[in-house]
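Student: I would like a close look at one part of this protein, namely the packing around a single helix, followed by a wider view of the rest. Please take me through the contacts with care.

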Amino acid sequence: MRSLKTTQMLLAVFVSFIIILPHQTSANPSAIYSGMATAQPVWAKHGMVSSQEALASQIGIEVLKNGGNAVDAAVAVGFALAVTLPRAGNLGGGGFMLVYLADKKKTIAIDYREMAPSKAHKDIFLNEHGNAVAKLSREHGLAVGVPGTVLGLTHALEKYGTLSLKQVISPAIKLAKNGIKVTPDLATSLASGKRRISQWPSSVEIFYKENGDNYEIGDRLFQTDLSQSLELIARHGSKGFYKGRTAQKIVSAVQEAGGIMTLSDLENYSVAERKPVTGTYRGYQIVSMPPPSSGGVHIIEMLNILENYPINQFGHNTAQTIHLMSEAMKRAYADRSEFLGDPDFTHVPLNQLTSKLYAKELTKSIALNKATPSDEVKPGKLSPYESDQTTHFSVVDQWGNAVSNTYTLNFSYGSGLVAKGTGILLNNEMDDFSAKAGVPNGYDLIGGSANEVSGGKRPLSSMSPTIVFENNKPFIVTGSPGGSRIITTTLQIIMNVIDHRMNIAEATNASRVHHQWLPDEIRVEKSLNGDTIRLLKEKGHTVKIKRAMGSTQSIEITDDGLFGASDLRRGGSETVGY
């Protein structure tokens, strides 16, 4: 029989849950939230949207409430983020979308990554001495790849949505026309991006005040030209972007900035539906993006390696676990540098890279208590600089459909160039190609000849929209921005839930680590335990405390309902359910 004290404690816990969830009287609060948890997720019964910007999340959830499916909501969020999160949400960029259709039990990978203009070639960013010129691939007309976002979103809606384009795009049009309140996050990002954005008068007149001052928190930002561009898309579909007035203005802006994009490049852009890359981890199925995303391949490669070790017994973020994670990361990123590129242009050995036998072979070179120097790790023998200013959103609807979407302009605000008269920021995704094969570009190694520039080619990406399945049903819908750190960030969300039995909020908030072969260092967040860092150094690792990694937007699907979490590492995110 329980003691009186125990009964009182249980009653107190129960009452505290009722206070937290007063509107969810039908739910069993003790099954929803655990008193053992160190972070609590958002709970919902029917549908959920998790994105990096609150207004966009709220637009998505309204679409779900009004009978739209996950794709309808995802497309609405995608267009809304072009207004509310201009540094990464976009019309002038590209990305990847995973769509799970519950009635067909099928997952589709939609590749709407940017493409190189037809006149592009492998030496386009080299000077007369054969050296890469960073400005040409980052802050120049040559930096702009042919955008894929508009065709990607409209393609998804037409094939898998249920609402009209006008219905899902109208909230974004209203936001652009009526203005949005400048949040602390938006004010900070515009101020920090001012140098690059201010190179272009067409951009300054939108993102800064008439006298050149920064927008302050609480000011209203109007994007009239963008609202008109969105209205053209609403009326004419993707042709409202890839043909006519908008297309002409984009091409003029790119060419005036020294670029080579033509109207034909825009008209000929195409979306590719690809077979997702799949693997398993401790009985769960992992489904993620295939090349030209490198994310899915290497998430599975690393999980295959780690499956050979009792990670749950070693514990979360212990020196032993991080040591093994970093050894797996080194080997996967070494392979990434050699083998990954656009599958329409180069053979990518997917089956070998994601093979458990290959992973088993790799473990033979891993010592349990000693770091392997990166110069001893080579791309496997088999039988791009990318900015962290990407954005991810996840959606689940009442019918069990799910969308995991990651898209980007590359750098924060892309090239910084707005095509005059359109309000559309243009990407600098051409920087994700290997400007010169095998040469490190900033923090990231962007690869070898498989990722060289070529007309019509899609650059290598780290974007990793991912869905984890349990018993053939979606279990986790997740993804993140973060450049090359996207892959390891997504890996750790999966491991935190499966190996360490965390809820999705705990998995999101846990301290993160990253190793990418070169440079030979474990990058850690400042919250990682100091004793753990000391033990890692004793194993021979170089450990560097760097800036926070990722901004995951994740949904966990359970018999008790939907649980979601937006990453606290960046301001303005919100997970909303109903």
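Tutor: In this predicted model, the axes of helix 4 and helix 6 (residues 149-160) come within 9 Å of each other and cross at roughly 160°. Since angles over 145 degrees count as roughly antiparallel, helix 4 is therefore roughly antiparallel to helix 6, and the crossing of the pair is left-handed. On the side of helix 4 the contact is made by Val71, Asp72, Val75, Gly78 and Phe79, which meet Leu153, Thr154, Ala156, Leu157 and Tyr160 in helix 6. Sorted by class, this contact of helix 4 with helix 6 comprises 7 nonpolar, 2 polar and 1 charged residues.

Helix 4 (residues 70-84) also packs with helix 3 (residues 54-65), at an angle of about 155° and with the axes 8 Å apart. Helix 3 and helix 4 are therefore roughly antiparallel to each other as well, but their crossing is right-handed, whereas that of helix 4 and helix 6 is left-handed. From helix 3, the residues Leu55, Ala56, Ile59, Gly60, Val63 and Leu64 meet Ala70, Asp72, Ala73, Ala76, Val77, Ala80, Leu81 and Thr84 in helix 4. The contact of helix 3 with helix 4 has 11 nonpolar, 2 polar and 1 charged residues. Asp72 of helix 4 takes part in the contact with helix 3 and in the contact with helix 6.

Another helix pair offers a comparison. Helix 15 (residues 295-306) and helix 17 (residues 319-339) have axes that come within 9 Å and cross at roughly 140°, which makes helix 15 oblique to helix 17. Helix 15 passes helix 17 in a right-handed crossing. Here His298, Glu301, Met302, Ile305 and Leu306 of helix 15 meet a set of residues in helix 17, among them Leu324, Met325, Arg331, Asp335 and Arg336. The contact of helix 15 with helix 17 divides into 8 nonpolar, 1 polar and 4 charged residues.

Turning to the strands, an open sheet of 7 strands follows the order 1-22-21-17-16-9-8 with antiparallel pairing. Strand 1 (42-44) and strand 8 (277-281) stand at its edges with a single partner strand each, so one side of each is left without a neighbour in the sheet. On average, and with direction ignored, neighbouring strands of this sheet are turned by 25° against each other. Within the sheet, strand 21 (residues 553-558) and strand 22 (residues 561-566) pair in the antiparallel sense over 6 bridges, and the bridge partner of Glu556 is Phe563 in strand 22.

A further open sheet has 3 strands in the order 18-19-20, and its pairing is mixed. Its edges are strand 18 (513-514) and strand 20 (543-545), each with a single partner strand, so that one side of each is left without a neighbour in the sheet. Strand 19 (residues 522-524) pairs with strand 20 in the parallel sense over 3 bridges, with Ile522 standing opposite Val543 in strand 20. Helix 22 (residues 530-538) lies across strand 19 and strand 20, and runs at about 150° to strand 20.

As for the whole, the protein contains 22 helices and 23 strands. Its C-alpha atoms fill a box of roughly 80 × 55 × 50 Å along the principal axes. A compact globule of 578 residues would have a radius of gyration near 25 Å, and the 23 Å of the protein agrees with this.

Methods:
Residues numbered from 1 in each chain as written. Predicted model: local features only at pLDDT ≥ 70, side-chain atom pairs only at ≥ 80, totals over all residues. Heavy atoms only, no water. Axes fitted to C-alpha atoms, helices over the stretch in contact; angles between N-to-C directions. Helix = DSSP H or I, 4+ residues; strand = E, 2+ residues; numbered from the N terminus. Parallel < 35°, antiparallel > 145°, perpendicular 65-115°, else oblique. Left-handed = near helix turned anticlockwise from the far one by under 90°. Contact = heavy atoms within 4.5 Å. Nonpolar A, V, L, I, M, F, W, Y, C, P; charged D, E, K, R; others polar. Pairing = 2+ DSSP bridges. Rg over C-alpha atoms; globule rule 2.2 N^0.38 Å.
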